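Colleague: Could you take a close look at one strand for me, what covers it and what it pairs with? After that, carry on to whatever else you can say about sheets and surface patches.

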Amino acid sequence: MLLYIHIPFCKQACHYCDFHFSTSLKKKDEMVLALAKEIEMRKSEFQEEIVETIYFGGGTPSILEISDLKFLIDAVYRNFKVVENPEITVEANPDDLTENRIIELSKNKVNRLSIGIQSFFEDDLKLMNRAHNVEEAKSCLKIATQYFDNISIDLIYGIPEMSNEKWLQNIETALSFKVPHISSYALTVEPKTALHSFIQKGIIPQPDDEVAQEHFQILVDKLSENEFIHYELSNFGKENYFSKNNSSYWLGKKYIGICPSAHSYDGKNRGWNVSNNSLYIKSIQENKLPIEIETLTKTDRYNEYVMTGLRAIWGVSLNKIEQEFGETYLHYLNQQAAKFIEDHLLFVDDHILRTTKKGKFLSDGIASDLFLLNLE
């Protein structure tokens, strides 16, 4: 089981981000206490489960004090069974990672950093309204690699007017730091973001899907040349450096999400916390979990398995489809997949349905065509 702790604070809003966060730290101390209390309140839900990975996401977890992170990690250990050497990841922004903070993190059970670089070019960082600059990005990586073996960096492709050559330089710069994991995402335009507004006003051009696909293939080819395994649509890791947190999602493992907007999954039910910091804190202080829960139908679980399976290296097991969902579901899947197999976007190997290299970038769209609306 994995435990995800969302830290809903940032120094400033990135223009493309639609995650839940606040740029005000006024309620930071109250929030940390509420997070620890929610961890305690949730322990009865997963008494028989063992925590394999603790992931601090956001928002910007590195905005917290080291003592805050330690306090929350200790709360997990007090209330849950934890494996002997869990993967404990902290997402961080380069401007927060001074040498002293990196050293402090390394001394407090944290054994993995996920650093939001996004680009090694100043114009890209300004377009995205990132809080750091290129010098801070390179400096923090140079220092972090001295103290942490397990480091992941984020990069964004498909940025308007980014040439293939410029994108390749981004990848090569990342590789020069010899990090064992890279997560890379296409720039997406979400409603109600600053980026969406700028595009509507004609200030920034709309990202081009064909350019994003070219960037994706350059990324796949370059990282493959450098012995990275493309184990999930947006994730590339050296052998033994796959993110245990990310892998847990794609393998359908149970997880608990702590904090406003965080999601949880117990294998049958999905829950999500209220996306409001004040309401969340008030509810926890009143000993109430601010969570809504839905029970997933067989069709919901089939759709999720198809989506996660096609995104990841493990694929969709046709045997599992038949055993867990029945012959009707298997027949439907085979029927829907046929046209994609014919177009060389999917293939079947040893009863596992997977995307081809050509189909990988399109996996989410392909999966949606394999979904069922209702068979119940």
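Modeller: Sure, one definition before we start: buried means under 20% relative accessible area, exposed means over 50%, and partly exposed lies in between (1.4 Å probe, protein chains only). Helices (H or I, at least four residues) and strands (E, at least two) are DSSP runs, numbered from the N terminus. Keep in mind that this is a predicted model, where local features need pLDDT of at least 70, side-chain atom pairs count only at pLDDT 80 or more, and totals for chains, interfaces and linings use all residues. Residues are numbered from 1 along each chain as its sequence is written, and side-chain values use heavy atoms, with hydrogens and water left out.

Now for β4, which spans residues 112-118 and is mostly covered, with seven of its seven residues buried. In a regular strand the side chains alternate between the two faces of the sheet. Here, Arg112, Ser114, Gly116 and Gln118 point one way, Leu113, Ile115 and Ile117 point the other way, and all are buried.

As for pairing, two strands pair if DSSP finds at least two bridges between them. β4 pairs in the parallel sense with β3 (residues 81-92) over four bridges; in that pair, threonine 89 has arginine 112 of β4 as its bridge partner. Four bridges also join β4 to β5 (residues 151-157), again running parallel, and there isoleucine 115 is bridged to isoleucine 153 of β5.

Elsewhere, three strands make an open sheet in the order β13-β15-β14, with antiparallel pairing. β13 (316-317) and β14 (346-349) each have a single partner strand, so these edge strands are left with one side lacking a neighbour in the sheet. Two bridges hold β13 to β15 (residues 352-355), and serine 317 has isoleucine 352 in β15 as its bridge partner.

Then the surface. Patches are made of residues with over 30% relative accessible area and no salt bridge (a side-chain nitrogen of Lys or Arg within 4 Å of a carboxyl oxygen of Asp or Glu); like charges are joined within 9 Å, and nonpolar side chains (Val, Leu, Ile, Met, Phe, Trp, Tyr) within 5 Å. Leu251, Ile313 and Trp314 make a nonpolar patch of about 240 Å². Leucine 251 sits in the loop between α9 (244-250) and β9 (255-258) and is partly exposed at 43% relative accessibility. A patch of negative charge gathers Asp208, Asp209, Glu210 and Glu214. Of these, glutamate 214 belongs to helix α8 (residues 209-225) and is partly exposed, with a relative accessible area of 40%.

Note on methods. Areas by Shrake-Rupley, 256 points an atom, 1.4 Å probe, with all protein chains shown as cover. Lys, Arg positive; Asp, Glu negative; His and termini not counted. Charge placed at Lys NZ, Arg CZ, Asp CG, Glu CD.
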